[in-house]
Each structure stands twice: as C-alpha cells, then as structure tokens.
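Here's a walk through one small protein model, written for someone who would rather look at side chains than read output files. Keep the structure open and follow along.

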Amino acid sequence: MEAVRVSKHEIVVVWSERDHVFIADVPDLPGCRTHGTTRADALRNAEEAIALWIETAKEFGDPVPGPTARVP
C-alpha cells in the first residue's frame with residue numbers, strides 16, 4: 001500500500017461536468033491544480049501535486065506560502 005502525504009493546505013474538490021472528472025484546486029499555491037476520476041483520486045493527486053509544487057519552489061528559491069485557515 002502506498003503512503004499518502006497529508007497536507008495542511010486547503011484542497012477544494014469540485015465536479016467538472018464539461019470534463020467528467022473531479023477537479024482539485026489548492027488555493028494557497030498558485031497554479032496547483034489536478035483532477036481524478038473519483039473524489040478520492042483527485043485528493044490523492046492533489047497531495048502529490050502539493051508536494052511537487054513545494055519541492056519545485058524550494059529548488060528555485062521561491063517562497064512557499066503557508067496554509068491559510070479558512071475554517072474558524
């Protein structure tokens with residue numbers, strides 16, 4: 001079984017009627033967006049995308065935004 005990273009960044013998952021997939025967007029990380037055929041796939045893909053986004057930002061010396069709390 002593959003280990004899943006759990007990010008503290010918000011992940012917004014919505015159904016795309018046009019594309020017939022779930023779209024996962026990470027508002028804290030510009031351009032960090034992915035999709036999956038199921039909600040679970042989209043979330044799993046988003047966790048991987050977050051890790052890659054952060055790794056790339058660090059590699060280039062770019063700042064990495066912290067997670068923004070949107071829930072009180």
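The chain holds one helix and three strands. Follow the sequence and you meet them in the pattern β-β-β-α. Bear in mind that this is a predicted model, so every value below is computed from predicted coordinates.

**The chain overall**

The chain has 72 residues, and 29% of them are buried. Its accessible surface comes to about 5,200 Å², and carbon and sulfur atoms account for 56% of that area. As for how the chain folds back on itself, take the contacts with a separation of 6 or more: 32% of these link residues that sit 24 or more positions apart.

**The sheet**

The three strands make an open sheet in the order 1-2-3, with antiparallel pairing. Strand 1 and strand 3 are the edge strands, each pairing on one side only. From one strand to the next, the twist averages 25°. Helix 1 packs on this sheet and touches strand 1, strand 2 and strand 3. The direction of the helix makes about 150° with that of strand 3.

As a general reminder, the strands of a sheet pair through backbone hydrogen bonds, either parallel or antiparallel.

Now zoom in on the first pairing. Strand 1 covers residues 12-16, and five bridges join it to strand 2 in an antiparallel arrangement. If you want landmarks, Val12 stands opposite Asp25 in strand 2, and Val13 has Ala24 as its bridge partner in that strand. The hairpin of strand 1 and strand 2 has four residues between the strands, and His20 takes a positive phi near 60° there.

On the other side, strand 2 (residues 21-25) is joined to strand 3 by four bridges, and these two also run antiparallel. Here the landmark pair is Ile23 and His35, with His35 being the bridge partner in strand 3.

Strand 3 itself, residues 33-36, has two faces. Thr34 and Gly36 are on the covered face, while Arg33 and His35 are on the uncovered one.

**The loop between strand 2 and strand 3**

Two residues in this loop are worth a click. Is Asp28, which sits in the loop between strand 2 and strand 3, buried or exposed? Asp28 counts as buried, because its relative accessibility is 9% and the cut-off for buried is under 20%. The side chain of Asp28 also has a partner: a polar contact of 3.3 Å joins it to the side chain of His9.

Pro30 lies in the loop between strand 2 and strand 3 too. Pro30 has 59% relative accessibility, so it counts as exposed, the threshold being over 50%. The C-alpha atom of Pro30 is separated by 9.5 Å from that of Pro65, although the two are 35 residues apart along the chain.

**Salt bridges**

How many salt bridges does a search of the whole structure find? The search finds three. In general, side chains of opposite charge can pair when their charged atoms come close. Here are the pairs, with the N to O distance for each.

| Pair | N to O distance |
|---|---|
| Asp19 and Arg18 | 3.4 Å |
| Asp25 and Arg33 | 3.0 Å |
| Arg44 and Asp41 | 2.6 Å |

Take the Asp19 and Arg18 pair to begin with. Arg18 is exposed because its relative accessible area is 72%. Asp19, at 40% relative accessibility, counts as partly exposed.

Next comes Asp25, whose side chain meets that of Arg33 in a salt bridge. You have already met both residues: Asp25 stands opposite Val12, and Arg33 belongs to the uncovered face of strand 3. Arg33 has a relative accessible area of 54%, so it is exposed.

The remaining pair, Arg44 and Asp41, belongs to the helix. Both residues lie in helix 1 (residues 39-59), three residues apart, which is about one turn of the helix. Arg44 counts as partly exposed at 36% relative accessibility, and Asp41 counts as partly exposed at 22%. Why does Asp41 count as partly exposed rather than buried? The reason is that its 22% relative accessibility is not under the 20% that buried requires.

Notes: Residues are numbered from 1 along each chain as its sequence is written. This is a predicted model: local features need pLDDT of at least 70, side-chain atom pairs count only at pLDDT 80 or more; totals for chains, interfaces and linings use all residues. Side-chain values use heavy atoms; hydrogens and water are left out. Buried means under 20% relative accessible area, exposed over 50%, partly exposed in between (1.4 Å probe, protein chains only). Two strands pair if DSSP finds at least two bridges between them. Contact means heavy atoms within 4.5 Å. Accessible areas come from the Shrake-Rupley method with a 1.4 Å probe; for residues, only the protein chains shown count as cover. A polar contact is a pair of N or O atoms within 3.5 Å; within protein, one must be able to donate a hydrogen and the other to accept it, and residues adjacent in sequence count only if both atoms are side-chain atoms. A salt bridge is a side-chain nitrogen of Lys or Arg within 4 Å of a carboxyl oxygen of Asp or Glu. Axes are lines fitted to C-alpha atoms, for helices over the stretch in contact, and angles run from 0 to 180 degrees between N-to-C directions.
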